[in-house]
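Here are my notes on this entry, set out as numbered points. Please read them with the sequence and the structure open beside you.

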Amino acid sequence: MAAPVLLTDGPDAGLVSHVANPVAEQRLMTDGGGWLELSNREVFTVTGADRLGWLHSLTSQYLDGLEPGLTTTSLVLSPTGHVEHVMHGVDDGETFWGWTEPGRGADLVAWLDSMRFMMRVEVALRPDMTVRWFASRVTTPTDAVILDSEVAGGHEAILPSGTPAADELEQVGVLAWEALRIAAGIPRIGIDTDERTIPNEIGLYGTHLDKGCYRGQETVARVYNLGRPPRRLTLLQLDGSRAELPAIGSEVHAGGRRVGVMGSSATHHVDGPIGLALVRRGVDVSLDMEIDGIAAGQEPLVDPEVGLHVCPVV
């Protein structure tokens with residue numbers, strides 16, 4: 001069996017890039033096989049009788065009375081509605097188990113802890129736990145906390161760090177995971193977003209419209225009711241004649257002017273080179289784009305008039 005190759009730079013540096021062929025690993029994942037180490041994701045817990053109602057009041061998702069075992073994704077917004085944190089989690093009836101993006105756990109936990117006041121809750125960062133993706137529940141360790149994954153119909157498992165992998169399972173790399181995520185139009189907060197991003201620009205990802213007030217809710221509701229978010233998430237079909245992919249943060253140009261910023265990119269086993277970008281809402285969806293000298297066509301993911309992750313109105 002080939003030795004795993006590690007990523008040396010980027011947001012997932014240190015994770016396994018690929019074990020064999022990233023394209024074959026994508027096919028394995030979509031066929032219901034494989035497992036992936038996501039050990040740079042940061043795990044936290046919220047305990048206490050008030051935990052779900054308290055999280056409901058602070059974040060963009062409807063969490064009050066969350067059913068045990070039901071996976072959820074929620075955002076922490078600034079007072080002006082800009083995305084600050086993301087949390088993927090599940091409640092087991094006694095504890096809310098969550099994970100967030102690399103390098104963001106301490107800040108998220110510190111902010112949550114600062115908002116406890118008189119509520120019966122305790123928040124803790126859990127460096128003793130790690131996150132792994134598995135293709136199916138059948139291959140997921142039985143003692144793990146299981147979340148339904150947004151990628152390839154698999155599952156994320158929160159389990160003790162250092163837990164050995166089952167020898168009979170085939171390991172895959174993060175390049176395959178990223179390609180499938182991008183193709184599905186799922187943004188990574190802090191990579192496909194920036195400090196100005198509001199939920200409406202990314203299809204109201206992790207955001208519930210039928211709940212009470214929370215920090216940043218006024219912006220979300222106003223833009224939803226009036227329409228026309230400043231920017232929109234789009235899937236780019238990149239020119240495959242060049243070997244390199246655009247760097248995260250590169251400028252996106254169309255019609256001779258700067259129209260947005262590049263997020264993540266990868267090579268998909270069917271679609272070839274693809275990526276996600278935030279572009280100005282008013283940019284004609286038929287225009288070709290250019291990033292770092294690489295041509296790209298658009299496939300809008302967000303309705304430019306409303307801000308929903310639905311088929312666009314063009």
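1. Met29 belongs to helix H1, which covers residues 22-30. The model is a predicted one, and every value below was computed from it. Met29 has 1% relative accessibility and therefore counts as buried, the cut-off for that term being under 20%.

2. Which residues does Met29 touch, leaving aside those up to four places away in sequence? They are Trp133, Val151, Ala152, Val172, Ala176, Trp177 and Leu180. For Trp177, the C-alpha atom is separated from that of Met29 by 8.2 Å, although these positions lie 148 residues apart along the chain.

3. Trp177 also has a charged group over its ring. The charged end of Arg41 sits there, 5.2 Å from the ring centre.

4. Helix H4 spans residues 174-183. Is this helix largely enclosed or left open by the rest of the structure? H4 is largely enclosed, because eight of its ten residues are buried. The buried set consists of Val174, Ala176, Trp177, Glu178, Ala179, Leu180, Arg181 and Ile182. Three of the contacts of Met29, namely Ala176, Trp177 and Leu180, are thus among the buried residues of H4.

5. H4 lies across three strands: S12, S14 (257-268) and S15 (272-280). With S14, the helix makes an angle of about 130 degrees. Just after H4 comes Gly185, where phi is positive, at about 75 degrees.

6. The strands that H4 crosses, S12, S14 and S15, are part of a closed barrel. This barrel has six strands in the order S12-S15-S14-S13-S16-S17, and the pairing is antiparallel. On average, neighbouring strands of the sheet are turned by 40 degrees against each other, with direction ignored. As background, strands of a sheet pair through backbone hydrogen bonds, in either a parallel or an antiparallel way.

7. Strand S17 (residues 294-300) shows two faces. Ile294, Ala296, Gln298 and Pro300 make up the covered face, while Ala295, Gly297 and Glu299 are on the uncovered one.

8. Which residues stand opposite those of S17? S17 pairs with S12 (residues 231-238) through five bridges in the antiparallel sense, and here Thr234 faces Pro300. S17 also pairs with S16 (residues 289-291), again antiparallel, over three bridges. In that pairing Met289 is opposite Ala296, and Ile291 has Ile294 as its bridge partner.

9. S16 and S17 form a hairpin with two residues between the strands. Asp292 in this hairpin has a positive phi, near 50 degrees.

10. How many aromatic pairs does the structure hold? There is one. Phe44 and Phe96 form this pair, which is tilted, with 6.4 Å from centre to centre and 40 degrees between the planes. The pair links distant parts of the chain, since Phe44 is in strand S4 (residues 42-47) and Phe96 is in strand S7 (residues 95-100), 52 residues apart. Both rings belong to buried residues: the relative accessible area is 1% for Phe44 and 0% for Phe96.

Conventions:
Residues numbered from 1 in each chain as written. Predicted model: local features only at pLDDT ≥ 70, side-chain atom pairs only at ≥ 80, totals over all residues. Heavy atoms only, no water. Buried < 20%, exposed > 50% of the residue type's maximum accessible area, 1.4 Å probe, protein only. Helix = DSSP H or I, 4+ residues; strand = E, 2+ residues; numbered from the N terminus. Pairing = 2+ DSSP bridges. Contact = heavy atoms within 4.5 Å. Axes fitted to C-alpha atoms, helices over the stretch in contact; angles between N-to-C directions. Phe/Tyr/Trp six-rings, centres within 6.5 Å; stacked < 30°, edge-to-face > 60°. Lys NZ or Arg CZ within 6 Å of the ring centre and 35° of its normal.
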